[in-house]
Number of protein chains: 2
Amino acid sequence: MTSAERSPLIRKLSAFVGLSKVELAVLEQLHQRRRTFAAGKDMVHQGQSDQAAYILSSGWVCSYKLQPDGTRQIVDFQVPGDFLGLRSVLLRTSDHSFEPIVTIEAAEVLKSDLLAAFAQTPRLATAILWAASRDEAMVVEHLVGLGRRDAEARMAHFLLELGSRLALVGIGSREGYDCPLTQYHLADTLGLSAIHVNRVLRQLREAGLLTFRDGHVSIHDYARLVELAEFDPAYLDQTGPLLK
Amino acid sequence: MTSAERSPLIRKLSAFVGLSKVELAVLEQLHQRRRTFAAGKDMVHQGQSDQAAYILSSGWVCSYKLQPDGTRQIVDFQVPGDFLGLRSVLLRTSDHSFEPIVTIEAAEVLKSDLLAAFAQTPRLATAILWAASRDEAMVVEHLVGLGRRDAEARMAHFLLELGSRLALVGIGSREGYDCPLTQYHLADTLGLSAIHVNRVLRQLREAGLLTFRDGHVSIHDYARLVELAEFDPAYLDQTGPLLK
C-alpha cells in the first residue's frame with residue numbers, strides 16, 4: 001500500500017470520483033512534503049500572504065477569524081482528509097487563521113503543485129472543487145445554524161455533522177467518535193457561552209441522546225438526535241462516487 | 001469582440017489569472033447555451049438533483065435556504081460574472097434554492113462542460129477554484145457578520161461588499177451602484193426585521209454615509225463607511241492578476 005492509498009484525502013475524494021491509477025499517483029506526489037505541527041500554535045495567520053495549503057492526514061485543526069474586539073469566531077474544524085487553507089493558497093491573503101488542536105501531521109501543497117496536478121489530471125481538479133464546494137456547504141449550514149437553530153438543535157446538528165465527516169474517513173460511526181474539542185471550542189463555534197454549552201450537553205445526556213465526556217462523543221439514540229437537529233446529511237454528499 | 005470577452009465572468013477571472021487565447025476560447029464555449037429566466041421563479045430548488053450550473057451575465061439572483069418552519073435565510077446574492085450553483089453541479093443535490101430578483105440572462109453549464117474545459121486548460125480550473133474560494137470567503141464574512149457585528153455595521157459591510165463586487169465587473173464604483181434589492185431581501189440577509197432595516201438605512205442616511213433609494217445605493221462618504229463597517233476588502237482578493 002502506498003502512502004497515498006493510506007491517505008484520508010483519498011478516502012474522501014473517492015466518495016466523489018472513482019480514482020484512476022494516474023490520479024492516485026498525482027495525489028501521492030501532493031503528499032510528498034510531510035510536516036508535523038504542534039498543538040496551540042497558529043500554522044497560518046489571518047492576513048498572511050503567500051502561504052501553502054496543507055492536506056491534513058492526522059489530528060484536528062481549528063480555523064477561526066479574530067474580530068477587532070479580540071473575540072474569535074470559529075469558522076470550522078478540519079479533520080483528517082481535509083484541506084487546510086485551500087482558499088488561502090489561491091486568495092492573496094488568508095482570510096482566517098489555523099490552529100492545530102492536537103499535534104497534527106499534514107502534507108504541504110504549493111500553488112505550483114496544485115497547478116501541476118490539475119494539468120496532469122483534470123478529474124482531480126473537479127474532485128478538489130467538489131471538496132471545496134462541500135466545505136462551503138458546511139459553512140452555509142453553520143450560518144443557518146447561527147441564524148435559525150436553538151442551542152440544543154445547533155449542538156446536535158454540529159456533533160452529527162462531525163460524526164458523518166469522520167465516518168467518511170473511517171474514524172467515526174453512528175455510535176460515536178473520539179473528539180479533542182473543549183467546551184470553549186464548542187462555545188466559540190456555536191455562539192454560546194461555555195456555561196450554556198455545559199448545560200446543553202447535560203440536557204442531551206439526560207434525554208438519553210448523547211454523552212460527550214473524556215474526549216469521546218457517544219451517540220445513544222441516533223434517530224432521535226437526527227430528528228431533534230433536523231439533520232439531513234445530503235449537503236455532505238458522501239453516498240458513493242458520483243463520477244465513475 | 002467575442003461574446004466571451006463581453007462576459008463579466010471574464011472580467012472577474014482576469015483579477016486572478018491573465019487569460020490566454022486558449023482559455024478565452026474555452027470560456028467562450030462555456031457561454032454557448034444562453035438562457036433567460038423571469039424574476040421571482042426559482043431556477044433551482046433546494047433538494048433538486050442533476051441540475052446545471054449557470055454563469056450569470058446580467059441581472060441579480062438570490063440564493064437562500066428554506067427552514068423547516070417556513071422562514072428563509074438568504075445565503076448570498078449573485079451578480080453578473082458569478083456562478084450560480086457551481087456547488088449544485090458537483091454535489092448530488094442542491095443545498096439551496098436560486099431565485100432571480102429581476103429578469104436575468106445566464107449561460108447553462110453542465111458537469112461534462114466543466115470537465116471538458118478543465119481538461120483543455122488546467123489554469124482555468126484553478127481560476128474557477130479561486131472564484132469558488134472567494135464565494136466561500138464571503139459566506140464566512142456573512143457568518144461572522146451575523147455572529148458579531150451590530151445592525152448598522154452589518155448593513156454597511158454588506159453594501160460595501162456588494163459595491164466592491166460590482167466594481168470588479170464594471171457596474172459599480174465607490175460613489176454607488178444600481179441595486180434591485182428590497183428591504184425584505186436585506187432583512188432576510190442580515191437577520192433583521194424589515195422595520196429595523198428601514199431604521200438602520202435612515203440612520204446611515206442621516207449620518208451622511210449613504211442613501212439607498214429608488215433602486216440606487218449612493219455612497220456619500222466612503223472612508224467613514226469603511227471605518228464604521230471595519231471593512232477590509234482583502235478577502236475579495238480583486239487587486240489584479242495573481243497568476244500571470
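In the predicted model, A:Leu166 is buried, with a relative accessible area of 1%. The residue belongs to helix H7 of chain A, which spans residues 151-168. Apart from neighbours within four places in sequence, the contacts of A:Leu166 are A:Trp60, A:Val79, A:Ile171, A:Gly172, A:Tyr177 and A:Asp178. A:Pro8 is separated from A:Leu166 by 158 residues in sequence, and the C-alpha atoms of the two lie 9.7 Å apart in space.

A second buried leucine of chain A is A:Leu9, for which the relative accessible area is 0%. Helix H2 (residues 8-13) contains A:Leu9. When neighbours within four places in sequence are left aside, A:Leu9 is in contact with A:Leu27, A:His31, A:Ile55, A:Gly81 and A:Phe83. Between A:Leu9 and A:Glu23, which are 14 residues apart in sequence, the C-alpha to C-alpha distance is 12 Å.

A:Leu209 is located outside these helices, in the loop of chain A that runs between helix H9 (194-206) and strand E9 (210-213). At a relative accessible area of 5%, A:Leu209 falls under the 20% limit and is therefore buried. Its contacts, neighbours within four places in sequence being left aside, are A:Leu204, A:Ser218, A:Ile219, A:His220, A:Asp221, A:Arg224, A:Leu225 and A:Leu228. One of these, A:His220, is 11 residues from A:Leu209 along the chain, with 5.1 Å between the C-alpha atoms.

At the level of the whole chain, the secondary structure of chain A consists of 10 helices and 10 strands. Of its 244 residues, 59% are counted as buried. Among contacts in chain A with a separation of 6 or more, 71% are between residues 24 or more positions apart. The radius of gyration of chain A is 18 Å, in agreement with the value near 18 Å expected for a compact globule of 244 residues. Along the principal axes, the C-alpha atoms of the chain fill a box of roughly 55 × 40 × 30 Å. The exposed area of chain A is about 9400 Å², and 49% of this area is supplied by carbon and sulfur atoms. Chain A carries 26 positive and 29 negative charges, and the mean positions of the two sets are 2 Å apart.

The largest nonpolar core holds 60 residues, and the members that touch the most other members are A:Leu13 and B:Leu13. In chain B, residues up to four places away in sequence not being counted, B:Leu13 touches B:Leu19, B:Leu27, B:Leu124, B:Ala127, B:Trp130 and B:Ala131.

Backbone geometry was also examined. Most residues other than glycine have a negative phi. A:Glu230, by contrast, has a positive phi, near 50 degrees. This residue is found in the segment that follows helix H10 (222-229) of chain A. A positive phi near 50 degrees is likewise present at B:Asp214, which is not a glycine. B:Asp214 occupies the loop of chain B between strand E9 (210-213) and strand E10 (216-219). The relative accessible area of B:Asp214 is 76%, so the residue is classed as exposed.

Notes:
Residues are numbered from 1 along each chain as its sequence is written. Chains are lettered from A and ligands numbered from 1 in the order in which they are written. This is a predicted model: local features need pLDDT of at least 70, side-chain atom pairs count only at pLDDT 80 or more; totals for chains, interfaces and linings use all residues. Side-chain values use heavy atoms; hydrogens and water are left out. A nonpolar core is a set of buried Ala, Val, Leu, Ile, Met, Phe, Trp, Tyr and Cys residues joined through side-chain atoms within 4.5 Å. Buried means under 20% relative accessible area, exposed over 50%, partly exposed in between (1.4 Å probe, protein chains only). Contact means heavy atoms within 4.5 Å. Helices (H or I, at least four residues) and strands (E, at least two) are DSSP runs, numbered from the N terminus. The radius of gyration is taken over C-alpha atoms; the globule rule is 2.2 Å times the number of residues to the power 0.38. Accessible areas come from the Shrake-Rupley method with a 1.4 Å probe; for residues, only the protein chains shown count as cover. Lys and Arg count as positive and Asp and Glu as negative; His and the chain ends are not counted. The place of a charge is taken as NZ of Lys, CZ of Arg, CG of Asp or CD of Glu.
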